[in-house]
Structures are given as C-alpha cells and as structure tokens.
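Dear colleague,

Please find below the structure that I am handing over to you, together with its sequence. My notes on side-chain pairs, one strand residue and two helices follow it.

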Amino acid sequence: MIVILKPNPNRDQLDSLIAWLQEKGVVIHTSVGEHSTILGLVGDTSQLDADLIAALDIVEGVRRIQEPYKKANRKFHPEDTVVQVGNTQVGGGNLTLMAGPCSVESEEQVVAIAKAVKASGATLLRGGAFKPRTSPYSFQGLGAMGLEFLKVARQETGLPIVTELMDMSQLPLFKDVDLIQIGARNMQNFDLLKAVGQQDKPVMIKRGMSATYEEWLMSAEYVMAGGNPNVILCERGVRTFETYTRNTLDITAIPVLRKLTHLPIIIDPSHAAGKSWLVDPLARGAVAAGCDGLLIEVHNDPATALCDGPQSLRPEVFDTLARKLLTLHETMKTLEG
C-alpha cells in the first residue's frame with residue numbers, strides 16, 4: 001500500500017499517522033519527490049482501512065500495490081534512483097559506459113585496456129576475476145589474483161571496478177570492489193542476494209537466461225529488503241529458439257522496466273550478441289530506447305582472449321563506438337526535451 005501525501009503536510013498530523021501505522025506493525029518507507037511525498041507501507045496491510053486513511057486532511061490518496069516487489073516498485077519510489085559507484089553515477093540522465101575484458105588475464109593486459117577505455121569515455125572498468133563457465137575445462141579466471149590486477153588498474157586510471165561475485169565465500173575478497181555483479185546464473189541464488197543485500201556497496205543484477213521481468217525485479221527486491229537500496233539491473237539477452245546469436249537482446253525491457261521500477265537499467269550487448277560486429281547496432285538501439293548505460297567487452301587482442309574473444313571489441317573499435325553512443329545520447333536528450 002502507498003499513501004500519497006498532500007504538499008506540505010502538517011508535521012503533527014504526519015507524525016500521528018506514522019505512529020499509528022507503526023503500531024499496526026507496518027514498516028514505512030518515505031519517498032520525497034519533486035511534487036509529492038509518498039509513504040510506502042510494507043507488511044500486512046490487509047487490515048488497514050484505506051478509506052479511513054484517505055479521509056485524513058494530509059492525505060491526497062491511497063493505493064494498494066498488487067505486485068509482489070515493493071521497494072523496487074516505481075509506485076513506491078516515483079523518482080529515478082541514481083546509484084553512486086566510486087566517482088561516477090549510474091542513472092539520473094547519465095549514459096554510463098562500463099568496459100573492459102571478459103576475463104582478467106594479466107596485470108599488463110587489464111591496465112592497458114583500462115587506460116584505453118577511459119580515454120574513450122568509459123567511467124567504469126569491468127573485468128572478470130572469477131568466471132562461471134559452462135564447461136569445467138574452460139578457463140575459470142585468475143580468482144583473487146585477478147582482483148588484485150583490477151585494483152592496480154583502478155589505481156593507474158581512477159576507474160571504479162565492476163566484477164562478478166559467484167559465491168558467498170568470496171565476499172571477503174570483494175571488500176575493495178566498487179560494484180558487485182551478480183551473474184545471470186546466480187540471479188535467483190537467494191542466499192547470495194541476501195548476502196549482498198547486507199553489503200554497503202552497489203550491486204548489479206544480470207537478468208537470468210529465462211527470467212521474467214517480475215522474477216528479475218524480485219531478485220532486486222531480495223537485495224533491497226536486506227537494506228541495500230543501491231541496485232542496478234542489467235539486461236544481457238534471454239534464451240530463445242534462435243541460435244544464430246548467443247542470446248536475444250530484449251530491448252523491450254528498457255521501456256517496460258522504466259515503467260515498473262525506479263532502478264537504473266544497463267544493457268550488455270556483448271553477451272546478447274556473442275558476435276563483435278553486432279555490438280554496435282545493439283548498443284545504439286539500447287541508447288535510443290533510453291537505457292542508463294552499457295556494459296561492453298573490450299580486449300586488446302580478441303583472437304587470443306582466454307574468454308569470449310568473438311564478442312569483444314578492440315580498443316580502437318570501442319573508441320569509435322563510444323563516441324557514437326555519447327553523441328546519440330545527447331541527441332536523444334534533446335529530442336525528448
């Protein structure tokens with residue numbers, strides 16, 4: 001249930017309303033927007049008399065929320081959430097470019113790529129230290145050493161680092177990571193979601209291969225229910241009957257999520273396509289549709305990459321694409337505004 005307050009509500013009446021609701025065992029989340037203030041009520045609200053609350057002088061209206069996700073729901077939080085990651089912001093009208101290798105292979109490699117993508121306009125460095133692979137015989141990442149190489153790259157460039165957490169046992173190693181990524185395979189690993197919900201750092205949740213929007217938002221809800229409001233959603237393509245591409249990028253997710261939630265929306269065209277030549281058009285389509293940022297794989301020598309070389313861009317190709325995307329983003333803002 002949400003309670004929409006009239007502008008400038010009487011403080012004494014508001015305090016009385018909040019105290020009464022808390023006596024009923026309801027947890028209250030206050031969202032102050034530009035034009036209105038909303039009280040989001042979480043708990044058993046079935047016994048609350050909506051008509052009684054609506055009749056109060058300070059109340060504009062009362063609405064019951066049917067969706068199972070509450071904190072991630074735009075009805076609870078009408079204003080877009082902006083997530084601070086290190087020295088950059090995700091959301092709030094920005095176009096955030098996260099770029100780097102699928103897998104960290106050496107200190108020299110990741111530092112060189114970090115410098116290149118920063119020069120092209122990227123504000124976050126992505127790189128895999130722990131790699132979930134379909135085959136047990138594939139390269140699984142450098143693990144803790146890979147995290148150390150990422151930290152060196154951050155020190156050299158100032159770029160905050162984004163990397164995937166696969167298991168709760170790895171959490172102590174992630175204390176210096178700026179943005180924790182939860183991969184598609186772990187989107188419904190609820191114990192892991194609860195664990196990152198108790199962290200004081202942002203979390204980016206990739207959509208599961210066959211997950212619905214509601215299932216995806218419920219994963220975000222797990223993190224937010226744990227006390228961590230800094231959640232970013234990442235669409236990376238879903239599994240369909242098509243086999244030509246690695247996955248099928250769901251551009252529809254951008255306007256749908258914009259309606260359903262206040263959380264920032266990132267698009268990963270690299271994993272969606274699985275082919276480097278498709279990254280450019282998919283990325284441009286995502287920006288035109290209104291995403292908050294892109295996650296793009298960049299490797300200095302894709303032919304020798306230990307992981308996902310066919311979908312990785314060379315630094316010079318990324319540079320050209322980044323300039324296109326930033327220009328397109330500014331153009332779309334002008335058209336919309």
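Arg-74 and Asp-80 form a salt bridge, with 2.6 Å between the closest N and O atoms. Please bear in mind throughout that this is a predicted model. The two partners differ in their burial: Arg-74 counts as buried because its relative accessibility is 16%, under the 20% limit, whereas Asp-80, at 41%, counts as partly exposed.

This bridge belongs to a longer list, since a search of the whole structure finds 18 salt bridges. Two others deserve your attention, and both involve helix α4.

In one of them, the side chains of Glu-156 and Lys-115 meet at 3.9 Å, N to O. The pair links distant parts of the chain, as Glu-156 belongs to helix α4 and Lys-115 to helix α3 (residues 107-119), 41 residues apart. Glu-156 is partly exposed, with a relative accessible area of 48%. Lys-115 is likewise partly exposed, at 44%.

In the other, Lys-151 forms a salt bridge with Asp-176, and the closest N and O atoms are 3.6 Å apart. Lys-151 lies in helix α4 and Asp-176 in the loop between β9 and β10, so this pair ties together parts that are 25 residues apart in sequence. Lys-151 counts as buried at 17% relative accessibility, while Asp-176 is partly exposed at 35%. The two residues are also part of a network of salt bridges that includes Glu-148.

I turn next to the aromatic residues. How many aromatic pairs does a search of the whole structure find? There are 2. One is formed by Phe-130 and Phe-174, which are stacked, with 6.2 Å centre to centre and 25° between the planes. Phe-130 lies in the loop between β8 (124-126) and α4 (144-157), and Phe-174 in the loop between β9 (161-164) and β10 (179-182), so the pair ties together parts that are 44 residues apart in sequence. Both Phe-130 and Phe-174 are buried.

The other aromatic pair, Phe-190 and Tyr-222, is stacked as well, at 4.5 Å centre to centre with 20° between the planes. Here helix α5 (residues 190-197) contributes Phe-190 and helix α6 (residues 213-225) contributes Tyr-222, 32 residues apart. Phe-190 counts as partly exposed at 32% relative accessibility, and Tyr-222 counts as partly exposed at 29%.

A charged side chain also meets a ring in this model: Lys-275 lies over the face of Tyr-244, at 4.7 Å from the ring centre.

Leu-295 offers a view of the interior. The residue is found in strand β14 (residues 293-297) and is buried, with a relative accessible area of 1%. Its C-alpha atom is separated by 7.7 Å from that of Arg-126, although the two residues are 169 apart along the chain. Leaving aside neighbours within four places in sequence, the contacts of Leu-295 include Met-98, Gln-181, Met-204, Cys-234 and Ile-266, as well as Arg-126.

Two helices remain to be described. For helix α10 (residues 315-336), the 22 residues should span 32 Å at 1.5 Å a residue, and the end C-alpha atoms are 31 Å apart, which agrees. The buried residues of α10 are Pro-315, Phe-318, Leu-321, Ala-322, Leu-325, His-329 and Met-332. These cover an arc of only 110° around the axis, which puts them on the same side of α10. On the other side of α10, Thr-334 and Leu-335 are exposed. The cover over the buried residues of α10 includes β7 (96-100), α3, α9 (276-289) and β14; the last of these is the strand in which Leu-295 is found.

Which residues of helix α7 (residues 253-260) are buried? They are Ala-253, Ile-254 and Leu-257. Seen down the axis of α7, they fall within an arc of 95°, so they line one face of the helix. The elements against which they pack are α6, β12 (231-235), β13 (265-267) and α9. Helix α9 thus appears in the surroundings of α7 and also among the elements covering α10.

With kind regards

Note on methods. Residues numbered from 1 in each chain as written. Predicted model: local features only at pLDDT ≥ 70, side-chain atom pairs only at ≥ 80, totals over all residues. Heavy atoms only, no water. Phe/Tyr/Trp six-rings, centres within 6.5 Å; stacked < 30°, edge-to-face > 60°. Helix = DSSP H or I, 4+ residues; strand = E, 2+ residues; numbered from the N terminus. Buried < 20%, exposed > 50% of the residue type's maximum accessible area, 1.4 Å probe, protein only. Lys NZ or Arg CZ within 6 Å of the ring centre and 35° of its normal. Salt bridge = Lys/Arg side-chain N within 4 Å of Asp/Glu carboxyl O. Contact = heavy atoms within 4.5 Å. Expected span 1.5 Å × (residues − 1). Arc of directions from axis to C-beta.
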